[in-house]
Amino acid sequence: VQPRDLTGRSIVISAGGTREALDPVRFIGNRSSGRQGVALAEVAVARGASVTLIAANLEVAAPASVTVRQVSSAAELKSVVDEAARGADVVIMAAAVADYRPEDVAPSKIKKDQQGDELSLRLVKNPDILAGLAATNRADRVVIGFAAETETDREEFLRLGREKIARKGCDYLVLNRVGWSEGFATDGNSIVVLDRAGDIVSEASGSKASVAGHILDLLV
Ligand code: C5P
């Protein structure tokens, strides 16, 4: 049984991974499954929060009793997050957002017989949704970012996290290690949470549901 300690709180959670279209049938994507964001939504609802889940190409089903807004690209994710965040007490950016998108989206399928042996893509930077929210944050709203890093050395991993929270300006940063076989699409997770000062405020390992519980405990 979960405590009902988030009753009356409105929480916006982004989950999954964005897809940046190349043409009507192809995209550039990433391996985020959305499991950690969905686990956060599930546990937050069980603890009494009203949750809006902004779902970017989830590999798992969204939980019942959450408002789901489907998005695909980083641009769509940004417009829905910015709108939903206005009335929220908490915004958790668990989605893996593409840093770059193709500059041009071909109106019809790109054909290899018209391209020859090489195809160059020009990518342009997407806006940073998390940094934008943090820059315009209110005193009564908490903004939490995620950072997936492949770095294996703990000190270097923490240094990257400290640099990232300083750059993003969010209230907390949930750091987790990802690789070919960890993080994305797995059932477990291992996290370190940093505050604005770069200090470790929580560490947890276990199922994505138990890790979600730790993150929500911090908020409470
Ligand atoms: O810089 P990096 O992509 O590692 O930062 C990860 C955090 O920033 C995540 O919380 C992710 O949702 C968010 N992000 C964003 N907009 C981007 C890129 C990342 O909000 N364009």
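This is a short dialogue on reading the pockets and a surface patch of a predicted model.

User: Where should I start with the pockets, and how much space lies in the largest pocket?

Analyst: Start with volume, then ask which residues form the wall. In this predicted model, the largest pocket holds about 1,100 Å³ of space. Its lining has 40 residues, and the closest to the pocket centre are Ala95, Ala96, Val97, Asp99 and Ala148.

User: Which helices and strands each supply at least two residues of that lining?

Analyst: To read a lining, place its residues on the secondary structure. For the largest pocket, at least two residues each come from helix H1 (35-46), helix H4 (129-135), strand S9 (142-149) and helix H5 (154-168). S9 supplies four residues, the largest share.

User: How do the residues of the lining of the largest pocket divide into nonpolar, polar and charged?

Analyst: The lining of the largest pocket has 17 nonpolar, 15 polar and eight charged residues.

User: What volume does the second largest pocket have?

Analyst: The second largest pocket has a volume of about 230 Å³. It is lined by 18 residues, of which Phe157, Asn176, Arg177, Ser190 and Ile191 are the closest to its centre.

User: Which element gives the most to the lining of the second largest pocket?

Analyst: Strand S11 (188-195) is among the elements that each supply at least two residues, along with H5, strand S10 (172-177) and strand S12 (200-207). S11 gives the most, with five residues. H5 also supplies at least two residues to the lining of the largest pocket. By class, the second lining has five nonpolar, eight polar and five charged residues.

User: Turning to the surface, which residues make the nonpolar patch?

Analyst: For a patch, look at its members, then at where each one sits. Here Tyr100, Leu119, Leu121 and Leu123 make a nonpolar surface patch of about 370 Å². Tyr100 belongs to strand S7 (residues 100-102), while Leu119 is in the loop between helix H3 (112-115) and strand S8 (123-125).

User: Why does Tyr100 count as partly exposed?

Analyst: The class follows from relative accessible area: under 20% is buried, over 50% is exposed, and partly exposed lies in between. Tyr100 counts as partly exposed because its relative accessibility is 41%. Leu119 has 48% relative accessibility, so Leu119 counts as partly exposed.

User: How far apart are Leu119 and Arg159 in sequence and in space?

Analyst: Take the two separations one at a time. Leu119 and Arg159 are 40 residues apart in sequence. In space, 37 Å separates Leu119 from Arg159, C-alpha to C-alpha.

Terms used: Residues numbered from 1 in each chain as written. Predicted model: local features only at pLDDT ≥ 70, side-chain atom pairs only at ≥ 80, totals over all residues. Heavy atoms only, no water. 1 Å grid on protein atoms, 1.4 Å probe; cavity = no way out; pocket = protein on both sides within 12 Å on 5 of 7 lines; lining within 4 Å. Points joined across faces, edges and corners; volume = space filled by probe spheres on them. Nonpolar A, V, L, I, M, F, W, Y, C, P; charged D, E, K, R; others polar. Patch = residues over 30% accessible without salt bridge, like charges linked within 9 Å, V, L, I, M, F, W, Y side chains within 5 Å. Areas by Shrake-Rupley, 256 points an atom, 1.4 Å probe, with all protein chains shown as cover. Salt bridge = Lys/Arg side-chain N within 4 Å of Asp/Glu carboxyl O. Buried < 20%, exposed > 50% of the residue type's maximum accessible area, 1.4 Å probe, protein only.
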